[in-house]
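Please examine the sequence and the three-dimensional structure shown below. The paragraphs that follow lead through the structure step by step.

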Amino acid sequence: MTRPSNGNYIVLQNGGRYHARKSLSVYLFLSLDSGIFFFSFYSASGYFPGPLNNLIKMTTFKQRLVRSLVNHGLAVVGCTTVIVTYHFSTSGDERFYRSIVMPIVMKVLDAERAHAFAVWLASKGLVPVDRTGDPEILRTTVFGLPFPNPIGLAAGFDKHGEAVDGLLKIGFGFVEIGSVTPLPQAGNDKPRVFRLMEDKAVINRYGFNSDGHETVRSRLEEQVKSRGHPPGILGINLGKNKTSNNAADDYVKGVQCFSGLGDYVVINVSSPNTPGLRSLQGRQELEKLIDKVIEARSSLPVDVQHPVLVKIAPDLTEVDKEDIAAVVTRKQGGVDGIIVTNTTVARPETLQSSNKKETGGLSGKPLTEMSTQTVSDMYRLTEEIPLSVKVLEFCKIPIIGVGGISTGQDAYDKIRAGASLIQLYTALAYEGPPIVKKIKRELSELLKKDGFKSVEEAVGIDHIKPI
Ligand SMILES: Cc1cc2nc3c(=O)[nH]c(=O)nc-3n(C[C@H](O)[C@H](O)[C@H](O)COP(=O)(O)O)c2cc1C
């Protein structure tokens with residue numbers, strides 16, 4: 001007989017934890033249930049002293065017993081509901097969240113309140129923890145950083161860095177906070193986030209509401225001081241203040257302020273809700289901006305110099321994309337990666353919801369193909385750029401693919417199109433935390449089915465032409 005592999009031990013351990021949790025729920029149920037039954041019978045017999053007895057204004061023992069048993073029944077239903085809810089919500093049951101928890105949240109709270117509530121829960125650690133451990137096939141190294149899995153939380157959810165630990169516990173391989181602006185600013189007037197339920201989409205025009213660099217920096221420092229560096233990778237997404245007329249300065253301040261905190265920084269030049277921001281994606285503006293940011297990074301001590309990424313929009317022409325590819329892959333003054341894509345200002349014909357008329361960036365399902373196509377274009381354009389006419393050197397930079405991912409297949413499509421990592425946001429708002437576990441499981445299965453030993457082998461595979 002062979003010794004069980006480590007994998008088997010892990011399965012047994014997890015199984016043990018599952019049974020322990022289940023037994024705890026059953027134990028709680030039985031003890032509460034019998035307690036309630038005892039209480040009902042006791043109260044029915046009228047032996048409660050003083051005020052309690054006065055409250056139970058009944059005449060005969062029979063009447064008291066009937067009423068008490070009805071109360072008992074109601075209490076049992078209540079307790080069972082509490083325990084079942086506790087069990088399914090802490091275990092992160094996918095169907096329970098998709099068909100019960102999330103629809104209730106959406107009925108009760110508008111989009112912005114639901115967002116704030118979710119961040120608060122995560123900041124208190126009140127999240128279903130993914131204890132299954134990431135499969136080996138999903139481990140990957142990008143920008144020289146070790147990612148336990150390639151599924152990240154996109155910018156915009158934890159805008160102020162309040163809930164990094166809790167979000168990593170859900171099972172994300174990395175979390176990107178922000179966009180953070182140098183000075184605090186309130187963003188646009190409310191309402192500014194809209195659900196498009198029929199389309200599984202969201203339109204937002206938050207307009208970079210931010211606590212500002214200083215507050216977010218001290219918050220992250222506090223977290224590091226009290227609990228050490230969170231067990232996962234942290235990205236910090238930088239924005240510019242609405243009233244600032246020197247965008248490059250705003251990003252430079254961000255690079256300086258967050259040096260030594262987090263693992264990578266993002267120059268976000270693609271949000272549609274800050275006037276003039278997206279024009280920074282133009283060739284000359286982008287060149288100047290990146291030069292200043294890279295120069296600022298180079299002047300920092302080597303051990304706090306983080307990878308710099310640029311986040312781009314899905315609404316770009318072929319020429320725009322060629323220009324961006326040329327700038328970001330420059331041998332001198334290129335960046336370490338690109339995030340593809342932000343929300344779109346387009347409104348596909350297929351949209352059903354009446355909220356489609358709202359101004360802002362559209363995210364979620366209707367963005368899926370558009371962003372996968374942009375990932376594919378940027379992979380192609382950054383793969384084969386000769387850096388000089390004489391010396392044919394090719395520079396390849398990693399891509400984080402984001403836009404409308406809600407299944408393992410969506411994630412796999414972006415990886416095959418050229419993404420080394422992926423991120424999501426809107427699908428989390430519709431399906432809740434269990435979506436992370438689901439995508440990891442489905443993605444591992446798809447990779448195995450196609451014979452890949454690791455996720456890295458599948459990156460950009462759709463670009464390889466059959467011989
Ligand atoms: C409500 C909301 C707020 C967002 N805020 C930001 C932001 O501050 N900075 C940023 O770079 N992207 C922001 N995004 C864009 C997301 O990071 C992501 O690029 C986009 O939503 C596409 O992914 P998804 O379809 O999975 O949501 C925001 C998205 C949403 C829905």
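Leaving aside residues up to four places away in sequence, proline 182 touches Gly212, His213, Asn241, Asp250, Lys253 and Gly254. This holds for a predicted model, and the values given here are computed from that model. Proline 182 itself is placed in the loop between strand 4 and strand 5. Is proline 182 buried or exposed? It is buried, because 21 other C-beta atoms lie within 10 Å, and a residue counts as buried if 20 or more do so. Proline 182 also illustrates how a folded chain brings together distant parts of the sequence: tyrosine 251 is 69 residues away from proline 182 in sequence, yet the two C-alpha atoms are 8.2 Å apart in space.

The protein as a whole may now be considered. Its secondary structure comprises 15 helices and 13 strands. Of its 467 residues, 41% are buried. Among the contacts with a separation of 6 or more, 75% are between residues 24 or more positions apart.

The loop that holds proline 182 also contains proline 191, since both are found between strand 4 and strand 5 (193-196). The peptide bond leading from lysine 190 to proline 191 is cis, and its omega is near -5 degrees. Another cis peptide bond joins valine 340 and threonine 341, with omega about 20 degrees. Threonine 341 belongs to the loop between strand 10 (337-340) and strand 11.

Two further loop residues deserve attention for their backbone angles. Lysine 200, in the loop between strand 5 and strand 6, has a positive phi of about 50 degrees although it is not a glycine. Lysine 200 is classed as partly exposed because 19 other C-beta atoms lie within 10 Å. Phenylalanine 208, in the loop between strand 6 and helix 7 (213-227), is likewise a residue other than glycine with a positive phi, near 55 degrees. Phenylalanine 208 counts as buried because it has 23 C-beta neighbours inside 10 Å.

The next topic is the packing of two helices. How do helix 9 and helix 10 lie relative to each other? The axes of helix 9 (residues 283-298) and helix 10 (residues 318-328) come within 9 Å and cross at roughly 25 degrees. Helix 9 is therefore roughly parallel to helix 10, because angles under 35 degrees count as roughly parallel. The crossing of these two helices is right-handed. On the side of helix 9, the residues that meet helix 10 are Arg283, Leu286, Glu287 and Ile290; their partners in helix 10 are Asp323, Ile324 and Val327. Sorted by class, this contact has four nonpolar and three charged residues, and no polar ones.

Finally, attention turns to the ligand. Which residues are the closest to the ligand? They are Ala154, Gly156, Ser363, Tyr425 and Thr426, out of 27 residues that surround the ligand. Two or more residues of this shell come from each of strand 4 (174-180), strand 6 (201-204), strand 11 (361-364) and helix 13 (426-431). By class, the shell has 11 nonpolar, 14 polar and two charged residues. Strand 4 and strand 6, which contribute to the shell, also border loops described above: strand 4 precedes the loop with proline 191, and strand 6 precedes the loop with phenylalanine 208.

How values were computed: Residues numbered from 1 in each chain as written. Predicted model: local features only at pLDDT ≥ 70, side-chain atom pairs only at ≥ 80, totals over all residues. Near = placed C-beta within 6 Å. Helix = DSSP H or I, 4+ residues; strand = E, 2+ residues; numbered from the N terminus. Nonpolar A, V, L, I, M, F, W, Y, C, P; charged D, E, K, R; others polar. Axes fitted to C-alpha atoms, helices over the stretch in contact; angles between N-to-C directions. Parallel < 35°, antiparallel > 145°, perpendicular 65-115°, else oblique. Left-handed = near helix turned anticlockwise from the far one by under 90°. Contact = placed C-beta atoms within 7 Å. Buried ≥ 20, exposed ≤ 12 C-beta atoms within 10 Å, placed from the backbone.
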